[in-house]
Amino acid sequence: MCAECISSDHYAHDVHKVKDVPTEAILKELQKSTNNLKCQLRKFETYLGCVKGIIKEIKTSAESYCNEVDQKVHNICEAAVKIGKEMKADIQKKCQDEEKRWTTLMDEAKIMLLQLETQIKYASTVSNEGCTIDIVNATKVADFQKLENDRRVLPAITNPRLVEFRSNDIDSLIFSDICLLGEVGYVEEEMFEHSFNINNVGCYWQNSPSETICTQLPFSIGLKVHKPSSSMYLSIILNRFEFGTKSCRGLFTLKLLNKKNDDKSLYNQFYDTFSPGHWREWDDGLSWSKIIDLENGFVNEDGIFTVQAKCSLMLSKF
């Protein structure tokens with residue numbers, strides 16, 4: 001501060017000359033301010049690292065799923081080529097069978113035609129050069145031949161059984177609601193859990209009182225114990241709601257947490273379509289005696305165990 005400011009604005013303040021202020025005190029204040037900035041630096045570095053990780057994950061997932069699409073297209077093309085070859089072989093077989101049937105008729109007609117031409121030629125030769133006996137014999141043979149031909153019934157000429165191929169509308173197949181290749185869309189994930197007391201679990205379905213909302217849909221966890229088989233059954237439920245019917249498809253995961261070692265937690269994962277009131281059970285029953293045994297790590301000393309659910313729903317409409 002200059003002398004004028006000291007006298008006018010800072011006359012009541014404790015003022016010291018710069019040269020008289022201890023350097024250590026200034027350095028201490030600077031160090032304190034620098035440490036505060038370092039804390040902020042670490043905070044922003046961590047934030048930046050998370051953002052970079054997310055961007056990398058987006059790019060990696062895009063590349064991975066593009067490769068999956070390419071593989072799917074390749075598989076479909078291979079399957080289409082194989083089906084096409086089978087269809088062409090079937091067409092050829094049917095055509096060959098029908099051609100063989102008509103070829104047999106053609107061969108029989110050729111034989112009859114040849115016999116008639118031979119007989120006519122012989123009769124013409126005899127009439128010009130033969131004796132009376134040859135003429136009489138040729139006449140008898142010609143009459144006999146005519147009688148045989150009159151008795152012979154020629155197969156009726158019917159419409160041939162022509163093979164026809166009627167193609168499906170490829171566009172409507174590929175661009176239908178359920179695409180031949182698959183679906184593209186954003187995935188919304190939501191994880192929730194609920195703890196149950198082994199003393200309150202019965203043989204009837206018990207739903208977790210809390211719900212989680214995923215894509216505006218209320219999900220909860222259900223369980224029951226079948227005492228005769230000593231098996232516990234878990235399920236994930238899409239509860240009924242009032243704002244209209246809505247269904248969803250996605251990947252669902254149920255996890256029975258092991259409190260001692262997460263590697264020993266039990267999982268069940270499945271794809272399914274849920275509509276209001278629909279539930280999906282764990283594929284197999286879980287051993288109730290194993291779960292309630294404190295040594296196995298699923299329950300604590302108060303008899304509490306926890307079930308975790310994860311919903312990964314495909315949002316096909318952007």
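# A tour from Phe270 into the core

Begin by selecting Phe270, a residue that counts as buried because its relative accessible area is 5%, under the 20% that marks the limit for burial. Keep in mind throughout that the structure on screen is a predicted model.

**The ring partner of Phe270**

Now add Phe252 to the selection, which is also buried, with a relative accessibility of 0%. Looking at the two side chains together, you will find an aromatic pair, and six such pairs are counted here. The ring centres of Phe252 and Phe270 are 6.1 Å apart and their planes meet at 25 degrees, so this pair is classed as stacked, the limit for stacking being planes under 30 degrees apart. If you colour the strands, Phe252 falls in strand β6, which covers residues 248–256, while Phe270 falls in strand β7, covering residues 266–274, and the two partners are 18 residues apart.

**On to Phe274**

Keep Phe252 selected and bring in Phe274, where a second aromatic pair appears, this one tilted, with 4.5 Å from centre to centre and 45 degrees between the planes. Because Phe252 belongs to strand β6 and Phe274 to strand β7, the pair ties together parts of the chain that are 22 residues apart in sequence. Phe252 and Phe274 are both buried. Adding Phe219 to the view completes one aromatic cluster, made up of Phe219, Phe252, Phe270 and Phe274.

**A charge over the ring**

Return to Phe270 and show Arg280 as well: the charged end of Arg280 sits over the Phe270 ring, at 4.4 Å from the ring centre.

**Asn268 in strand β7**

While strand β7 is still in view, select Asn268, which is found in this strand and counts as buried at 8% relative accessibility. Once neighbours within four places in sequence are set aside, the residues in contact with Asn268 are Phe252, Thr253, Leu254, Glu281, Trp282 and Asp283.

**The largest nonpolar core**

In soluble globular proteins, nonpolar side chains tend to be buried together. In this model, the largest nonpolar core has 29 residues, and the members that touch the most others are Phe219, Met232, Ile236 and Phe305. To see where the core draws its residues from, colour β1 (186–197), β4 (217–226), β5 (231–238), β6, β7, α5 (288–292) and β10 (304–315), each of which supplies at least two of them.

Centre the view on Met232, which has its place in strand β5 and counts as buried, since its relative accessibility is 0%. Leaving out neighbours within four places in sequence, Met232 is in contact with Lys224, Val225, Leu256, Gly285, Leu286, Trp288, Ile291 and Phe305. One of these, Ile291, is 59 residues away from Met232 along the chain, yet the C-alpha atoms of the two are separated by 8.7 Å.

**Two cysteines and the whole chain**

Next, select Cys39 and Cys77, which are both partly exposed, Cys39 with a relative accessible area of 43% and Cys77 with one of 44%. A search of the whole structure for disulfides finds zero.

Finally, zoom out to the full protein chain, in which there are five helices and 10 strands. Of its 318 residues, 19% are buried, and the chain exposes about 24,100 Å², with carbon and sulfur atoms supplying 56% of that area. Among contacts between residues at least 6 apart in sequence, 63% join residues at least 24 apart.

Conventions:
Residues numbered from 1 in each chain as written. Predicted model: local features only at pLDDT ≥ 70, side-chain atom pairs only at ≥ 80, totals over all residues. Heavy atoms only, no water. Phe/Tyr/Trp six-rings, centres within 6.5 Å; stacked < 30°, edge-to-face > 60°. Helix = DSSP H or I, 4+ residues; strand = E, 2+ residues; numbered from the N terminus. Buried < 20%, exposed > 50% of the residue type's maximum accessible area, 1.4 Å probe, protein only. Lys NZ or Arg CZ within 6 Å of the ring centre and 35° of its normal. Core = buried A, V, L, I, M, F, W, Y, C linked by side-chain atoms within 4.5 Å. Contact = heavy atoms within 4.5 Å. Areas by Shrake-Rupley, 256 points an atom, 1.4 Å probe, with all protein chains shown as cover. Disulfide = S-S within 2.5 Å.
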